[in-house]
Amino acid sequence: MSNLFSGINARFRGAGKHGGGKSPVSPAADDNHLTPPNKELGQRSKSSSNLQQLAKLPPLPASPALPKTIPTGEEVLNSYRLPQPLPLWLNPAYAKHIVKGNFMTLSSKPKTVELGEWIAHQAVEHYRNLWNFVNVVSAKEADGKSICNSTTCPRMSAGPNHSYTWLNKKDDRYERIELPAYEYMSLMRRWISGKLDDTNIFPTDPSTVSFAPSPHVSGAALTSSADDWIGKRSGFPKEFASICRTIFLQMFRVYAHLYWAHFVEPFYHLNLEKQLNSCFSHFVLTATALDMLKPQELEPMQALIDLWAANGTFPPESTAYSYANLQVGARLLQMAGMA
Amino acid sequence: MDNQGNRLYLNFGNNNDRLAATDRTYPTTPSTFPQPVYQGQPGAAQPSSQQGYQQGQGYASAGYFQQPAGQYAGTQYADYSSAGQGYGQPPSTAAGANNDPNTGLARQFSNQNLGGGGPAAAARASPYAGGWGQAQGQRPRTAGGQGQQPGYGAGYVNTPPLPNQGAEPGYFAAAPERNPDKYGPTANNNQKKCSQLASDFFKDSVKRARERNQRQSEMEQKLAETTDPRRRESIWSTGGRREGSYLRFLRTKDKPENYTTIKIIGKGAFGEVKLVQKKTDGKVYAMKSLIKTEMFKKDQLAHVRAERDILAESDSPWVVKLYTTFQDANFLYMLMEFLPGGDLMTMLIKYEIFSEDITRFYIAEIVLAIEAVHKLGFIHRDIKPDNILLDRGGHVKLTDFGLSTGFHKLHDNNYYQQLLQGKSNKPRDNRNSIAIDQINLTVSNRSQINDWRRSRRLMAYSTVGTPDYIAPEIFTGHGYSFDCDWWSLGTIMFECLVGWPPFCAEDSHDTYRKIVNWRQSLYFPDDIQLGAEAEDLIRSLICNSENRLGRGGAHELKAHPFFRGVEFESLRRIRAPFEPRLTSNIDTTYFPIDEIDQTDNATLLKAAQARNGQQQQQEESPEMSLPFIGYTFKRFDNNFR
């Protein structure tokens, strides 16, 4: 029961924040330090989603004893307004992995390691992973065509309900422009690698490495002042966390596009769907555990997250699990005859 | 976070008495490290394969987690390699590979000398072979195979497993028949990279997490041993800094420009070995750089990969330590510990022969070193004086340092087959050529021996190398096993006591013939007195594989009377007969650098490219070029020597 509630609550929380109908603007867009000279990374999700519908239901958490108003897995799934039949990647038979066991063992921060250091490490690792897959769709064949091109993907879309626009800085204001997915991804890649390679943001000098405050020591070391930030101890800049949030959000959008537009063409055909699933589920676990992705940002991939919570990919103590709706996941398993 | 950290530790299985608690946290299993999924037939991933799912429901008890937590460390790699095979290949092939007498568990230094070809040979070639083949194997055209689906849900989902009710049709988009051929060669090439990189990523991550947890539990043990708050704080912060530095190191791309070349200490057809100093911290390393195109042309990739793997995996005092590997467009780099004592070949050139006591010391140490390599599951196959290095204290470490040595055609069975058919690699009408193999070498042939000795180093640096120490069964292609390294040991021991290797001849062809006909050609010179026990040991190593000492394990050698009184356990702690006398940590006294051309080819090549404007910014980073994927390696303790 409690799992169910946490899942639903998460959805409501998401819906609440989502209420204005606007996706959060990329933190980068607000931060002058980060503004690349020309095109600014940024995007708004044109979301015409489901969540508003759910939000119309009576507020739930106050009173757990309202069984009638708890939507069934099927109802919630329907509220996602996914295309019918459901995309192949929601079929549990194709939501499998090349690894088994608990992914959390790979993403939990070691106790002694300073949080900023760990976030930086994860950002780099996941970036490397993700771009292995982007390479497959964006590499050009001899005829000059890539799998993801302006004909197949004229927009950076993640299903029928989402597409992302690039925030272009023109003079003093930003304008949203719609780009073909491959162009969007290549701009984003350049932007992210520009950040990861900038040693002012991601320091590599071994002499500034610090450690997590020791739990054995009380007092001054532990008090976090207003002038403290993630990674400060290890020489990461003040804007480090917000840059990383943007990086993770952008990477999530790329994954979302890969699933919605390219899961079958080409990943399924190339027998790479298990690899994609493994990297993406590991990504979601890590990003949510480190608070680099908010629940409402997961929206285009929510049903897969629900499924992975229900089928055990996400362990119950993980943040990703608490963002999932187990009923939906169970319903998907049932639909596949696997419940 | 703390909780998670703690849980991680609990899960880890290095503290078995706490596993029960873990079980409660995890309804599924005690051991939770991600592992590769075994898959008989990926094609079974069709909605119609319901039986597969049903079978899968029992996975928790049916070995879904293959290993008891406590045994994790030992078996992890085996899992990965077998997963590689299991992946794409039909079970029959995998079984064939396992039955092959030549492999067993052995992963070999080199993978080329696998005569015969055919599917078994391919499967045996390397743990990675499975991975490479995977792409093809993973594309079954037939639908509905009966695979063993791992069966999600059974142990995991909160709802209890129900009998299979069958899929409700039409909910999900239909899965088309897989057709990789609809994409071009670029995509299919990228497919291989992507698949390889993804599995490497998880393999490396699991290994790192495992080691990290090991370190953490060691740290917690230390914390528990003291109540002094300052001491505890210092343990904690040191631990955190070390982990943090390692993470930074992982993020940082290493490049040759980060090192200053001090001297070139070895050179060969495939690259060179330099003594270098890291610019940032002044630490000294030996850096081996290998020319990618040469490696590619000469088909040495599997070997390089195997070497990287054993060095990366081993943490033995008997094996030279590899700190990191990296690459650029032209070279592969291996950053290794610098062993200032030089190698046994240089020692033998200098002293010609050793006394029996000194021989006993080196041979005993080499026994332990070979044993260590065998315990890692590798057959060295190329044990020779050039590959036996001496550390600061004069103790032995094995390597494949002598560049050419490990990397030549020696491992190509065809090469020997050609030789067998009489095609010598040297013109035989050399006027000065005395058919050395027709007269047994004695001291009276010293001048010839000296010729041999002079050409020895040249030989070591050549592509062809010397077959002097190689066991006959490796040439003949009828299969070999761990004991081939003991043959090599016998020939080295012979050389230490006699002054030349037993089958030494003017060209490789003759050496080869002598080795194959060892019964006739093994000859102990009359004018050199060997102890009876020494000769007996040599003869029980240089003999056919069936009777060879060491076939049942290194303990057989250790028990030989020649080693009477040797305390193997403490051998590495006693003082070595020759301790290098060094003036600094970059002293190369024990390397024949006068004989080595000090031209830095890597730098020249780079400069030439820069002049030709070839230094174009590559769209693709060098790590991503398919043959060299997974080569990059970073050892934890690199930062903390």
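This is a short tour of a predicted model, stop by stop, with something to select at each one.

**Stop 1: chain B as a whole**

Start by colouring chain B by secondary structure, and you will have 22 helices and 11 strands to look at. The chain has 641 residues, and 57% of them count as buried. Switch on a surface if you like: chain B exposes about 27100 Å², with carbon and sulfur atoms supplying 51% of that area. For a feel of how the chain is put together, take the contacts between residues at least 6 apart in sequence; 74% of these join residues at least 24 apart.

**Stop 2: helix α17 of chain B**

Next, select residues 484-498 of chain B, which form helix α17. How far apart should its ends be, and how far apart are they? With 15 residues at 1.5 Å a residue, the expected span is 21 Å, and the end C-alpha atoms are indeed 21 Å apart, so the two agree. Now hide and show the surroundings: 15 of the 15 residues of α17(B) are buried, so the helix is largely enclosed by the rest of the structure. Step one residue past the end of α17(B) to Gly499(B), where phi is positive, at about 110°.

**Stop 3: Lys288 and Glu352 of chain B**

Stay in chain B and pick Lys288(B), which sits in strand β5 (residues 284-291). An unreviewed UniProt entry lists Lys288(B) under "binding site". Is this lysine buried or exposed? Lys288(B) has a relative accessible area of 0%, so it counts as buried.

From there, go to Glu352(B), in the loop between α12 (344-351) and α13 (356-375) of chain B. Check its backbone: Glu352(B) is not a glycine, yet its phi is positive, at about 65°. Glu352(B) counts as partly exposed because its relative accessibility is 33%.

**Stop 4: the nonpolar cores**

Move over to chain A and select Phe280(A), Met301(A), Leu304(A) and Leu332(A). Within the largest nonpolar core, which has 113 residues, these four touch the most other members. Helix α8 of chain A (residues 240-268) provides the largest share of this core, 17 residues. Apart from this core lies another, of 63 residues, including Ile388(B), Cys496(B), Trp518(B) and Leu522(B).

Zoom in on Phe280(A) and show what surrounds it. Which residues does Phe280(A) touch, not counting those up to four places away in sequence? They are Phe252(A), Tyr255(A), Tyr259(A), Met301(A), Leu304(A) and Trp308(A).

**Stop 5: backbone details in chain A**

A little background helps here. Most residues other than glycine have a negative phi, and most peptide bonds are trans.

With that in mind, select Glu265(A) and Pro266(A): the peptide bond from the first to the second is cis, with omega near 15°. Pro266(A) lies in helix α8. A second cis bond runs from Gln84(A) to Pro85(A), with omega near -10°. Pro85(A) is found in the loop between α4 (73-79) and β1 (99-100) of chain A.

Then pick Asn271(A), in the loop between α8 and α9 (273-289). Its phi is near 60°, a positive value in a residue other than glycine. Asn271(A) counts as buried because its relative accessibility is 2%.

**Stop 6: around helix α11 of chain A**

Continue to Asn311(A), in the loop between α10 (302-310) and α11 of chain A. Asn311(A) has 0% relative accessibility and therefore counts as buried. Show side chains to find the polar contact of 2.7 Å between Asn311(A) and Thr313(A).

Follow the chain to Thr319(A), in helix α11 (residues 319-322). Beyond its neighbours within four places in sequence, Thr319(A) is in contact with Thr288(A) and Ala289(A). Draw a distance from Thr319(A) to Val284(A) as well: these residues are 35 apart along the chain, and their C-alpha atoms are separated by 9.2 Å.

**Last stop: Ala336 of chain A**

Finish at Ala336(A), in the segment after α12 (326-335) of chain A. Its relative accessibility is 7%, so Ala336(A) counts as buried. Add Asn91(A) to the selection: although the two are 245 residues apart along the chain, their C-alpha atoms are separated by 6.6 Å.

Notes. Residues numbered from 1 in each chain as written. Chains lettered and ligands numbered in written order. Predicted model: local features only at pLDDT ≥ 70, side-chain atom pairs only at ≥ 80, totals over all residues. Heavy atoms only, no water. Helix = DSSP H or I, 4+ residues; strand = E, 2+ residues; numbered from the N terminus. Contact = heavy atoms within 4.5 Å. Buried < 20%, exposed > 50% of the residue type's maximum accessible area, 1.4 Å probe, protein only. Areas by Shrake-Rupley, 256 points an atom, 1.4 Å probe, with all protein chains shown as cover. Polar contact = N/O pair within 3.5 Å; in protein donor to acceptor, adjacent residues only side chain to side chain. Expected span 1.5 Å × (residues − 1). Core = buried A, V, L, I, M, F, W, Y, C linked by side-chain atoms within 4.5 Å. UniProt positions renumbered as here; feature names shortened; annotations may be inferred.
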